[in-house]
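Biologist: I am new to reading protein models, and I would like a close look at one part. Could you walk me slowly through how the helices pack against one another, and then show me where the ligand sits?

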Amino acid sequence: MSALLQTTGLEAGYGGVQVLWGVDLDVQENETVVLLGPNGAGKTTLLKCLMGLLPTRGGSIQFRGQDISRLPSRARVRLGLSYMSELAVFSDLTVDENIDLGALFVDRAIARRRRDELYALFPILLEKKRQAAGGLSGGQRKMLGVAKALAAEPKLLVMDEPSAGLSPLLVSTVIKSLAQCRSGGLSLLIAEQNVKFLELGDRVFTMEGGRIAFGGTPAAIQADDGLRRAYFGLGV
Ligand code: ATP
């Protein structure tokens, strides 16, 4: 069976600087993959390439059996790829408007049904649907980011550091809500520095200096002395 998403030898950069050096990564149907790596490893760059926000300079991106590396972002969204950036929501817009924006490229009937489902999943957002996103708490804003990204009814949700700016308690809340979202055939690719997200991962890749350094199960990371020390600190 072919992968839902497969990058092969992906290369990218900014101006004269190459950042990605031949990245091979895959996500299967119904799978959650965590991409771990320190600041500057190239995680955001990789996600931008997947979404068509940054052109690739070499290699290929296969999604649902087709090469999408030359497709515009909106075509990728229509194929079932959705992105939650670190910022994720527009503060001046209401909760409702943010969710509508997430569904910009999908059929209106699907968008309406989807919005009802999302409000059922995140009742706190329904309560605040007419409020500006900027007035929500950090955790609620993150939920809205997730809801906005799910409004397009994706097959694969690509997330950039969902833990950014959140307290440990709120990180746990976001992890719980993501676990809930996974039912119904959704795959996740989560770029993170926070190893708590390994709880969600079926598999994990580590990235260093624009290259994949390790790919395997979360248990395999724990079993490897060097990786355990690098990602969990000494003595864990
Ligand atoms: P972080 O968690 O800090 O976002 P990251 O793993 O996502 O880290 P990237 O943001 O992809 O890493 O950055 C990888 C490298 O690319 C870094 O050296 C960074 O300075 C560089 N870089 C990122 N964005 C740009 C840009 N717009 N122009 C030039 N260089 C950039």
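Modeller: Happily; here is a tour of the helix contacts, followed by the ligand and two backbone details. Please keep in mind that this is a predicted model.

Let's begin with helix 3, which covers residues 95-102, and helix 4, which covers residues 108-121. Their axes lie 11 Å apart, and the two helices pack at an angle of about 130 degrees. An angle like that makes helix 3 oblique to helix 4. The crossing of helix 3 past helix 4 is right-handed. On the helix 3 side, the contact is made by Val95, Asp96, Ile99 and Asp100. Helix 4 answers with Arg115, Leu118 and Tyr119. If you sort the residues of this contact by class, you find 4 nonpolar and 3 charged residues, with no polar ones.

Now stay with helix 3 and look towards helix 6, which spans residues 138-150. The axes of helix 3 and helix 6 come within 7 Å, and they cross at roughly 35 degrees. Here too, helix 3 makes a right-handed crossing, this time past helix 6. Try finding Val95, Asn98, Ile99, Leu101 and Gly102 in helix 3; they meet Leu144, Ala147 and Lys148 in helix 6. By class, the contact between helix 3 and helix 6 holds 5 nonpolar, 2 polar and 1 charged residues. Notice that Val95 and Ile99 take part in the contact with helix 4 and also in the contact with helix 6.

Helix 6 in turn leads us to helix 7, residues 168-181. The axes of helix 6 and helix 7 come within 10 Å and cross at roughly 25 degrees. This makes helix 6 roughly parallel to helix 7. Once again the crossing is right-handed, with helix 6 passing helix 7. From helix 6, the residues to highlight are Gly138, Gly139, Lys142, Met143, Val146 and Leu150. Facing them in helix 7 are Leu170, Thr173, Val174, Ser177, Leu178 and Cys181. The contact of helix 6 with helix 7 has 7 nonpolar, 4 polar and 1 charged residues.

Next, turn to the ligand. Among the residues that surround the ligand are Tyr14, Val19, Pro38, Asn39, Lys43, Thr45 and Gln193. Three other residues around the ligand, Ala41, Thr44 and Glu161, deserve a closer look. For alanine 41, a backbone N or O atom lies 3.1 Å from an oxygen atom of the ligand. Threonine 44 uses its side chain instead: a polar atom there lies 2.6 Å from a ligand oxygen atom. Glutamate 161 also has a side-chain N or O atom 2.9 Å from an oxygen atom of the ligand.

Finally, look at the backbone of glutamate 161. This residue is found in the loop between strand 7 (156-160) and helix 7. Its phi is positive, about 40 degrees, although glutamate 161 is not a glycine. Asparagine 30 is another non-glycine residue with a positive phi, near 60 degrees. You can find asparagine 30 in the loop between strand 2 (17-27) and strand 3 (32-36).

How values were computed:
Residues numbered from 1 in each chain as written. Predicted model: local features only at pLDDT ≥ 70, side-chain atom pairs only at ≥ 80, totals over all residues. Heavy atoms only, no water. Axes fitted to C-alpha atoms, helices over the stretch in contact; angles between N-to-C directions. Helix = DSSP H or I, 4+ residues; strand = E, 2+ residues; numbered from the N terminus. Parallel < 35°, antiparallel > 145°, perpendicular 65-115°, else oblique. Left-handed = near helix turned anticlockwise from the far one by under 90°. Contact = heavy atoms within 4.5 Å. Nonpolar A, V, L, I, M, F, W, Y, C, P; charged D, E, K, R; others polar. Near = heavy atom within 4 Å. Polar contact = N/O pair within 3.5 Å; in protein donor to acceptor, adjacent residues only side chain to side chain.
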